[in-house]
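Colleague: I'm new to this one and would like a close look at a single part of it. Could you pick a residue and walk me through its surroundings?

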Amino acid sequence: MVIKSKTVLRCPHCGASNIEPDGKDGRLKCHSCKQILDVESTNQSGNVEKLTGKVVGEGAQNIIPDEEVILTLKCSSCGAEVVINTSEAMTASCPWCRHMLSVTEKMPNGAVPDLVLPFKLTRKEAFIKMQEFLRDKTKHANVQMINEFKEENVRGVFLPYVVIDMRVKAQLSGIGEELVRRYTVGSGDDAETRYDANVYKIERDFELEVDDLTIEASSDKLNHDRKRTTNNVISAIMPFDTENAVDWDPRYLRGYSSEKRDLNIAELDRKAKNQTEDILKYQLHSTIKKYDRGICWDIVRLEQKGVQWKTAYLPVWLFSVVEVKKDGAPFKHYIAVNARTGETMGSVPVDKNKLLLNTFGLPVIIWLLGKLITFMELAIVGERIFSALFSAFSVVFVLFWMIGYGIYALTCVNKYRSVQARHNFEAETRAKICNLRSDDELIDYLHGLRHAEIQDRNDNKKSDIDDSGKKRIDQTYEQERQRKIILFAVLGIIFGMFVMPIIMMLLAIFLF
């Protein structure tokens with residue numbers, strides 16, 4: 001199968017076709033005359049209001065699974081024929097004129113994206129970002145990870161995403177409650193908290209414009225099952241400045257690896273609609289702040305006025321290390337850097353032997369010391385006096401230490417693993433509400449309510465429910481909870497190490 005390659009991009013200064021990304025800022029550079037080629041963005045924001053119908057980019061067409069993987073490309077620069085294996089790469093360099101060939105011109109089978117966002121950060125800059133991220137996460141880190149963490153092991157990769165523009169007509173109607181008074185009735189064990197609230201009938205009618213909603217288009221990277229993968233940290237480095245993306249050009253891939261898209265629009269459509277509804281509720285929040293007891297939406301009508309799907313290659317710097325679980329299954333940890341913004345997130349494998357040693361090591365030493373003191377006291381004095389007090393102290397100390405440090409160890413695992421990291425697309429996706437019509441009518445006053453929230457509240461986000469059906473813990477709440485756990489653990493350790501010895505000392509003075 002012979003396919004003619006894309007029209008040659010030649011340098012406007014010298015006419016050469018030997019063009020590659022510049023290592024400093026990712027822009028294309030002519031290696032003959034050393035001139036930088038400025039390519040204008042083809043994905044500029046601000047045109048969503050004109051969107052009608054369904055527009056699908058050529059690179060977002062359905063993937064053809066039985067497409068030939070061995071192709072022969074005809075170089076349009078010198079006419080030579082070059083063989084390329086598309087299962088391994090989508091570009092090849094002509095060995096005669098060094099012109100970069102790609103499968104861009106073959107039938108739209110979804111293998112080639114519509115857009116590409118060039119690398120901006122260099123490998124060294126990304127490595128520095130990773131070092132900063134790891135600064136407080138090396139104490140309990142896996143030795144293998146520490147040994148392998150080197151600049152040459154950081155690789156640049158283009159990952160596949162879909163970029164979606166959407167215009168939605170929304171009509172919502174429901175009941176909202178505003179807290180008027182909270183008070184306590186009864187006393188002692190019979191005390192109960194009660195609430196008084198104003199009840200409103202709420203209606204909202206508006207248009208929502210979503211600009212460049214970005215979703216992973218690889219089934220592997222879209223899988224955020226925390227028991228099997230750490231892909232959530234790659235998601236957490238979004239958003240990308242997709243408004244600066246340019247038309248697909250294979251030259252941007254030189255020196256980097258890439259991953260092919262394996263998900264079609266039909267498989268991503270539900271996720272896109274759910275995220276759009278979450279963005280809608282986030283944008284709407286500023287108009288319903290007064291309803292602090294929540295809202296029960298009875299009617300939610302969303303009419304898609306226009307949608308545009310494009311696929312894009314977005315740049316990421318990755319460091320990975322494989323941890324082997326007890327069952328022998330490999331578990332890959334990533335540290336990822338957004339190669340445009342420098343946003344960094346990672347998962348660090350914990351050396352559980354270190355944690356166990358720190359948790360049980362000191363208590364064992366204290367126990368052995370107690371045995372030694374008992375032996376010496378019996379040998380010298382003939383009876384147990386201080387050793388009995390020391391044994392009592394040891395029991396209390398060991399108890400508090402193991403509980404405190406055990407909780408700290410569990411918190412460390414969550415912190416190192418970054419289990420709650422995710423892309424806050426609700427706030428970080430460009431979106432705006434237009435032509436808003438609000439109608440709020442006070443219809444009732446309720447007294448003596450037993451619940452802190454309105455019954456059947458549903459103004460929470462769909463994305464609060466993860467793929468397994470379990471409710472996702474809010475990241476801010478989780479961080480606050482972990483801080484409280486660490487504080488409790490530290491107080492337990494301090495009590496066991498300092499307060500208990502003082503109590504034992506005073507008890508010894510009082511008794512003897």
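**A close look at Arg340**

Modeller: Happy to, and keep in mind that this is a predicted model. Let's start with the company Arg340 keeps: setting aside neighbours within four places in sequence, Arg340 is in contact with Leu117, Pro118, Lys120, Leu121, Phe240, Asp241, Asn244 and Pro315. As for where it sits, look at the loop between strand S16 (330-338) and strand S17 (344-346). Arg340 counts as buried because its relative accessible area is 14%, and the cut-off for buried is under 20%.

Two of those partners deserve a second glance. With Pro118, a polar atom of the Arg340 side chain lies 3.0 Å from the backbone oxygen. Pro315 is 25 residues away along the chain, yet its C-alpha atom and that of Arg340 are 7.2 Å apart.

Phe240, another contact of Arg340, takes us into the largest nonpolar core. That core has 55 residues, and Phe240 is listed with Met130, Ile234, Val316, Trp317 and Phe319 as having the most contacts inside it. Several elements supply at least two residues each, including helix H1 (123-134), helix H4 (232-236), strand S15 (295-324) and S16. S15 gives the largest share, eight residues.

Now take Val316. Beyond its neighbours within four places in sequence, Val316 is in contact with residues including Phe119, Val157, Ile237, Phe240, Ala336 and Ala339. So Phe240 is a contact of Arg340 and of Val316 alike. Apart from this core lies another, of 30 residues, with Phe206, Ala272, Ile295 and Phe425 among them.

Terms used. Residues are numbered from 1 along each chain as its sequence is written. This is a predicted model: local features need pLDDT of at least 70, side-chain atom pairs count only at pLDDT 80 or more; totals for chains, interfaces and linings use all residues. Side-chain values use heavy atoms; hydrogens and water are left out. Helices (H or I, at least four residues) and strands (E, at least two) are DSSP runs, numbered from the N terminus. Buried means under 20% relative accessible area, exposed over 50%, partly exposed in between (1.4 Å probe, protein chains only). Contact means heavy atoms within 4.5 Å. A polar contact is a pair of N or O atoms within 3.5 Å; within protein, one must be able to donate a hydrogen and the other to accept it, and residues adjacent in sequence count only if both atoms are side-chain atoms. A nonpolar core is a set of buried Ala, Val, Leu, Ile, Met, Phe, Trp, Tyr and Cys residues joined through side-chain atoms within 4.5 Å.
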